[in-house]
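Biologist: Could you pick one spot in this model and look at it closely for me? I'd like to hear what surrounds it, and then how that corner connects to the rest of the chain.

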Amino acid sequence: MQHHNTRLGKLRPTPQVTLNTEQKLYVITTDNGYSCFGFDNARDHANQMAQRLNRADLSFTPSDYAALAGYRKYEEAVSTWSRSSLTRQTYFDPGTDPKVAAVLETRRQTSDKVRLVLGNTCTGAPWLNEYDVVGKIGRSDGSLKVPLLMEDGESGGGAILTACVLNIIDWKSGRALYRHPAYLEPELSLQPSDVPERPWAVIHLNEVIARFKEMGKACAYIAFMRGETIEPRVFQ
């Protein structure tokens, strides 16, 4: 899983950058505290920008990884990107399937609503997210203009983990616009719960993942997790 934070695409003075080698993170001091950025993310983003810019000198060398020089190289790559014509394009995470990028970019331009299923693209197992997976596709400001998922009535949204997309569903028709070859629809079952206040339990891999007061809401939740275009407010 890739982790995003406020550092991606930001060009700010960094008064202090330290290394957390145990968790493989750059720790960046800010006026409001600190933020973190993974060693792998810095390398992968820098290498992607270097390749797109045709600037081999911006690519990581073995000595850059897990070193302060690597973070400086990442920032240099972002700075170079921001001065190029590529900064006007939508920027996708390293490892994003080109088909995912194409669908998201088309939907950004048409403003048609989608449902995203995110998960592990190696195993095909979805993460069973119920929040921040339904909306229109927008785009951030900044040097790296990443795709955002914007819910109804919102002018902004969270960055999409585009390299972790398993399924993109057209909200109006329910048709799959993209489906990862490894995607596995989750096996979910409904059983009586041992909690009187919420007597219906949804089971996944022999574990309770949700409980509901009403059977109808539990069934709607199961249908949503299996890709049906049901408004989450029906069961939330």
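Modeller: Sure, let's start at Ala-210, which sits in strand E12, residues 207–212. Bear in mind that this is a predicted model. Is Ala-210 buried or exposed? Its relative accessible area is 14%, and the cut-off for buried is under 20%, so Ala-210 counts as buried.

Now for the company it keeps. Setting aside the residues within four places of it in sequence, Ala-210 touches Trp-200, Ala-201, Val-202 and Tyr-221. Trp-200, Ala-201 and Val-202 fall within strand E11, which runs 198–204, while Tyr-221 belongs to helix H4, residues 215–225. For a sense of reach across the model, take Tyr-91: it is 119 residues from Ala-210 in sequence, and the two C-alpha atoms are 35 Å apart.

Tyr-221 leads us straight into helix H4. Tyr-221 is one of its buried residues, along with Ala-218, Ala-220, Ile-222, Phe-224 and Met-225. The cover over these buried residues includes E12 itself, plus strand E4 (114–118), E5, strand E10 (188–195) and strand E11. Just past the end of the helix, Gly-227 has a positive phi of about 105°. Cys-219, inside the range of H4, is partly exposed at 37% relative accessible area.

One of those covering strands, E5, is worth a detour. Strand E5 covers residues 134–139, and Arg-139 is part of it. Arg-139 comes out at 28% relative accessibility, so it counts as partly exposed. Beyond its sequence neighbours, Arg-139 contacts Arg-88, Gln-89, Thr-90, Glu-105, Arg-108, Lys-145, Val-146, Pro-147 and Leu-148. Two polar pairings stand behind part of that list. The side chain of Arg-139 makes a polar contact with the side chain of Thr-90 at 3.0 Å, and a polar atom of the Arg-139 side chain lies 3.4 Å from the backbone oxygen of Arg-88. Leu-149 is 10 residues from Arg-139 in sequence, with 8.3 Å between their C-alpha atoms. In the loop between E4 and E5 you'll find Asp-132, whose phi is near 60°, a positive value in a residue other than glycine. Most residues other than glycine have a negative phi. Asp-132 is exposed, at 58% relative accessibility.

Let's move to the H1 and H2 part of the chain. Helix H2 takes in residues 68–82, and its 15 residues should span 21 Å at 1.5 Å a residue; the end C-alpha atoms are 21 Å apart, so the two figures agree. Its buried residues are Gly-70, Tyr-71, Lys-73, Tyr-74, Glu-75, Ala-77, Val-78, Thr-80 and Trp-81. Helix H1 (39–53) is among the elements covering them, as are strands E1 (16–20), E2 (25–30) and E3 (33–38). How do H1 and H2 sit against each other? They pack at an angle of about 35°, with axes 9 Å apart, and H1 passes H2 in a left-handed crossing. On the H1 side the contact uses Ala-42, His-45, Ala-46, Met-49, Arg-52 and Leu-53; Tyr-74, Ala-77, Val-78, Thr-80 and Trp-81 do the job from H2.

The loop between these two helices holds Asp-64 and Ala-66. Asp-64 is buried, with a relative accessible area of 6%, and it contacts Tyr-26, Ser-59, Ala-69, Gly-70 and Lys-73. Gly-70 and Lys-73 also appear among the buried residues of H2. Ala-66, by contrast, is partly exposed at 26%, and its phi is positive, near 60°.

You may be wondering about cysteines. There are zero disulfides here. Why does Cys-36 not form one? The closest cysteine sulfur, in Cys-164, is 19 Å away from that of Cys-36, and a pair has to be within 2.5 Å to count, so the distance is too far for a bond. Cys-36 itself is partly exposed, at 22% relative accessible area.

Zooming out, the protein has four helices and 12 strands. Its C-alpha trace spans about 60 × 40 × 35 Å along the principal axes. Of its 236 residues, 44% are buried. Among contacts with a separation of 6 or more, 52% link residues 24 or more positions apart.

Methods. Residues numbered from 1 in each chain as written. Predicted model: local features only at pLDDT ≥ 70, side-chain atom pairs only at ≥ 80, totals over all residues. Heavy atoms only, no water. Buried < 20%, exposed > 50% of the residue type's maximum accessible area, 1.4 Å probe, protein only. Contact = heavy atoms within 4.5 Å. Polar contact = N/O pair within 3.5 Å; in protein donor to acceptor, adjacent residues only side chain to side chain. Expected span 1.5 Å × (residues − 1). Axes fitted to C-alpha atoms, helices over the stretch in contact; angles between N-to-C directions. Left-handed = near helix turned anticlockwise from the far one by under 90°.
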